[in-house]
Amino acid sequence: MVTRCRSDEENLALLSARGNRGNDMGMSDEFKRVASEVPLVDVMGGSGRWEISVHDHGMVALVDCMPRLVPEGKTADFAIVQAARVSYGAGTKQVSEDRGLIRYLARHRHTTPFEMVEFKFHCVMPIFIARQWIRHRTANVNEYSARYSVVQDRFYHPSLENVRKQSKTNRQGGSEPMDPMTAQQFLDYLDKCEALYGDYERLIESGVSRELARIGLPVSAYTEWYWKCDLHNVCRFLSLRMDAHAQQEIQDYARAMYALIKPIVPVAAEAFMDYDFESMHLTRLEIEAIKSGKPLATENKRETAEWDEKKKRLGL
Ligand SMILES: Cc1cc2nc3c(=O)[nH]c(=O)nc-3n(C[C@H](O)[C@H](O)[C@H](O)COP(=O)(O)OP(=O)(O)OC[C@H]3O[C@@H](n4cnc5c(N)ncnc54)[C@H](O)[C@@H]3O)c2cc1C
C-alpha cells in the first residue's frame, strides 16, 4: 500500500491558512521551496513502523528510512539511481534502465550510490547477540542504558530442539541438535541463571547502583537499541550475518532485517542476493584447479575443505 503525500503547494497553503508563512523567527525567507515535479509517495505506506518478532522476546522494527518519499511508481531504489546519474553523468546512458544500472553498480562494486539509502531500526536482542552486532562499526547506535534504567526480566531461552551440539568442523559453531537429556540439563542451567533476576531486583531495592547490580546478570538478558545504517553497510552486515557461518541467533535477526528492507529497495535487494550473498568468490588457486583439472595447489586443510564445499555448489 502506498500513501500519497501533500505537495509543497498543499503544505504551503496549509501553513498560510494557519497564519504561518514558515517564518516564525522574524527572518526573511532565504530559500526557495521547490515543489516536486511529480506526486510523492511514502515507501512505508504511511506506517509508523514495520516489525518482525524474533525468538521469544526479540524484535527488528524498521522505524524510518531515507528516502521516505519517492516519486509515485518508484521505490527507494530511486535514490541509488539518482546518485549514480549525478556521479557518472553521461556514462550511465549506456545502462539507461534503472534496474540495469543498479545491477551494474552492484556487480562492479560502485558502492557509494548505495549509501544514499538509509534505514533506522529499533532492535531488541539478547546481549550476546548485541556484542556481535555492535562490531559493525559503520552504523549509528543508541542503546538502552542499564546504568540509568532497570534491566527488564526477559531472557533468551531456546527451545529444547534448538539446543545445538558443538560442531566438530567449525570450532565457533553449533550444528546438530543435542540429545534431549543433555539439552534439558542446559535449559535447567539457564533457568538457574535467570532466577538471579530476583536477587538483582532485591539488591537494587536495597540501594545498590544499577550500574553494578547488572553485572551479575547473564548475557542472555535482552537489550535494545536504535540502529541506523546506510544500505551499502546494511548489505555488508547481512552478507556476514545471514551467512551459515554466523551464529544461528544473529542469522535470525539478519533475515528479519532483510525481509524489512526488501520491499523498500527491491531491485538493490535482488542485486545483493545475485552478486553478493548467493554468489561465490574464487581464489587464484581455485581458478587454476578448474583450468588444469588438478587438485588445489595447497597443503592447507581448511583451504582444501573450502574448495571442496565450492566444488559441491558448482557441481564439479
Ligand atoms: C562468522 C563470524 C565470526 C567472527 N568471529 C570473531 C571473533 O572470534 N573475534 C572477533 O573479535 N570478531 C569476530 N568477528 C567479527 C569480525 O571480525 C568483524 O569485526 C565484524 O564482522 C564486522 O565486520 P566489518 O569490519 O566488515 O564491518 P563494519 O565495521 O560494519 O565495517 C564495514 C566495512 O567498513 C570498513 N571499515 C569500517 N571501519 C573501518 C576502519 N576503522 N578502518 C578501515 N575500514 C573500516 C571496512 O571495509 C569494513 O569491512 C566475527 C564475524 C563473523 C561474521
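This report describes the fold, core, ligand shell and backbone features of a predicted model.

## Basis of the model

Residue numbers start from 1 in each chain and follow its sequence as written. Because the model is predicted, local features need pLDDT of at least 70 and side-chain atom pairs count only at pLDDT 80 or more, while totals for chains, interfaces and linings use all residues.

## Overall fold

The protein chain holds eleven helices and ten strands, where helices (H or I, at least four residues) and strands (E, at least two) are DSSP runs numbered from the N terminus. Of its 316 residues, 22% are buried; a residue is buried if 20 or more other C-beta atoms, placed from the backbone, lie within 10 Å of its own, exposed if 12 or fewer, and partly exposed in between.

Among contacts with a separation of 6 or more, 68% link residues 24 or more positions apart, a contact being two residues whose C-beta atoms, placed from the backbone, lie within 7 Å.

## Core and helix α7

The largest nonpolar core has 56 residues, of which Ile80, Met257 and Ala268 touch the most other members, and α8 gives the largest share of this core, eight residues. Such a core is a set of buried Ala, Val, Leu, Ile, Met, Phe, Trp, Tyr and Cys residues joined through C-beta atoms within 7 Å. Beyond its neighbours within four places in sequence, Met257 is in contact with Val60, Phe121 and Leu238.

Leu238 is also one of the buried residues of helix α7 (residues 231-241), which include Leu231, Val234 and Phe237. The cover over the buried residues of α7 includes β6 (118-126), β10 (222-230), α8 (248-261) and α9 (266-277).

## Ligand shell

Ten residues surround the ligand, and Arg135, His136, Arg137, Thr138 and Leu240 come nearest; a residue is near if its C-beta atom, placed from the backbone, lies within 6 Å of the molecule. By class, this shell has two nonpolar, five polar and three charged residues, with Ala, Val, Leu, Ile, Met, Phe, Trp, Tyr, Cys and Pro counted as nonpolar, Asp, Glu, Lys and Arg as charged, and the others, Gly among them, as polar.

## Hairpin and backbone features

Strands β3 (residues 50-54) and β4 (residues 58-66) run antiparallel and are joined by five bridges, pairing being assigned if DSSP finds at least two bridges. Trp50 stands opposite Leu62 in β4. In the loop between these strands lies His55, which has a positive phi of about 55° although it is not a glycine, and which counts as partly exposed because it has 19 C-beta neighbours inside 10 Å.

A cis peptide bond, with omega about 0°, joins Met66 and Pro67.
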